[in-house]
Amino acid sequence: MHKLTTYLAKNHSQIVIEDLNVSGMMSNYKLAKAVADMGFYEFRRQLKYKCQLYGSKLTIVDRWFPSSKTCSRCGTVKESLLLSERVFNCEH
C-alpha cells in the first residue's frame, strides 16, 4: 500500500477517489471480510498525506456522484445502470 500511494502521489498531479460507505459494505456478510481486508481508510489516509507532501491535488468525490454512469469523454449520464453491466458504452 505504501508503494502504491507513493507512486500515485509522486507521478500524478491530480488524484480523484470516491468516498465509500464502508460501514454499509461491512453490514453485507458476503462482502464484510473482503472489505475489512482492503483497508480503505488506511489507503485514503496515506494518499492524503503523501499528496500534501509531493504537491498533488487529492479530490474526494461524494458517494452519490454517478461516476460509473458518466461518460468520461462527453459527460453523458446513463439513467439506469444494472449491477450486471460491467462496462458503460456511451452511444455518443
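1. Contacts of Ala-9. In this predicted model, Ala-9 touches Ile-15, Lys-50, Cys-51, Tyr-54 and Ser-56, when residues up to four places away in sequence are not counted. Two of these partners, Ile-15 and Cys-51, belong with Ala-9 to the largest nonpolar core.

2. The largest nonpolar core. Six residues make up this core: besides Ala-9, they are Leu-8, Ile-15, Ile-17, Leu-47 and Cys-51. At least two residues of the core come from each of α1 (2-11), β1 (14-18) and α4 (40-54). As general background, nonpolar side chains tend to be buried together in soluble globular proteins.

3. Cysteine pairing. How many disulfides does the model contain? The count is zero. For Cys-74, the closest cysteine sulfur is that of Cys-90, at 3.6 Å. A disulfide requires the two sulfur atoms to lie within 2.5 Å, so the sulfur of Cys-74 is too far from that of Cys-90 for a bond. The relation holds from the other side as well: the closest cysteine sulfur to that of Cys-90 is in Cys-74, at 3.6 Å.

4. Accessibility of Cys-74 and Cys-90. Cys-74 is partly exposed, its relative accessible area being 42%. Cys-90 also counts as partly exposed, with a relative accessibility of 23%. Burial requires a value under 20%, and therefore Cys-90, at 23%, is not classed as buried.

5. The largest pocket. This pocket encloses about 410 Å³ of space. Its lining comprises 15 residues, and those nearest the pocket centre are Ser-67, Ser-68, Lys-69, Leu-81 and Leu-83. By class, the lining of the largest pocket holds eight nonpolar, two polar and five charged residues.

6. The second largest pocket. The volume here is about 240 Å³. The lining consists of Met-1, Ile-17, Glu-18, Asp-19, Leu-20, Val-22, Met-38, Gly-39, Phe-40, Tyr-41, Phe-43 and Arg-44. Two or more lining residues are contributed by each of β1 and α4, and α4 provides the largest share, with four residues. The lining of the second largest pocket divides into eight nonpolar residues, one polar residue and three charged residues.

7. Relation between core and pocket. Ile-17 is a member of the largest nonpolar core and also lines the second largest pocket. The elements β1 and α4 each supply at least two residues of the core, and both give two or more residues to the lining of the second largest pocket.

Note on methods
Residues are numbered from 1 along each chain as its sequence is written. This is a predicted model: local features need pLDDT of at least 70, side-chain atom pairs count only at pLDDT 80 or more; totals for chains, interfaces and linings use all residues. Side-chain values use heavy atoms; hydrogens and water are left out. A nonpolar core is a set of buried Ala, Val, Leu, Ile, Met, Phe, Trp, Tyr and Cys residues joined through side-chain atoms within 4.5 Å. Buried means under 20% relative accessible area, exposed over 50%, partly exposed in between (1.4 Å probe, protein chains only). Contact means heavy atoms within 4.5 Å. On a 1 Å grid over the protein atoms alone, a cavity is a set of points where a 1.4 Å probe fits but cannot get out, and a pocket is an open set with protein on both sides within 12 Å along at least five of seven lines; lining residues have an atom within 4 Å of a point. Grid points are joined across faces, edges and corners, and a volume is the space filled by probe spheres set on the points. Ala, Val, Leu, Ile, Met, Phe, Trp, Tyr, Cys and Pro count as nonpolar, Asp, Glu, Lys and Arg as charged, and the others, Gly among them, as polar.
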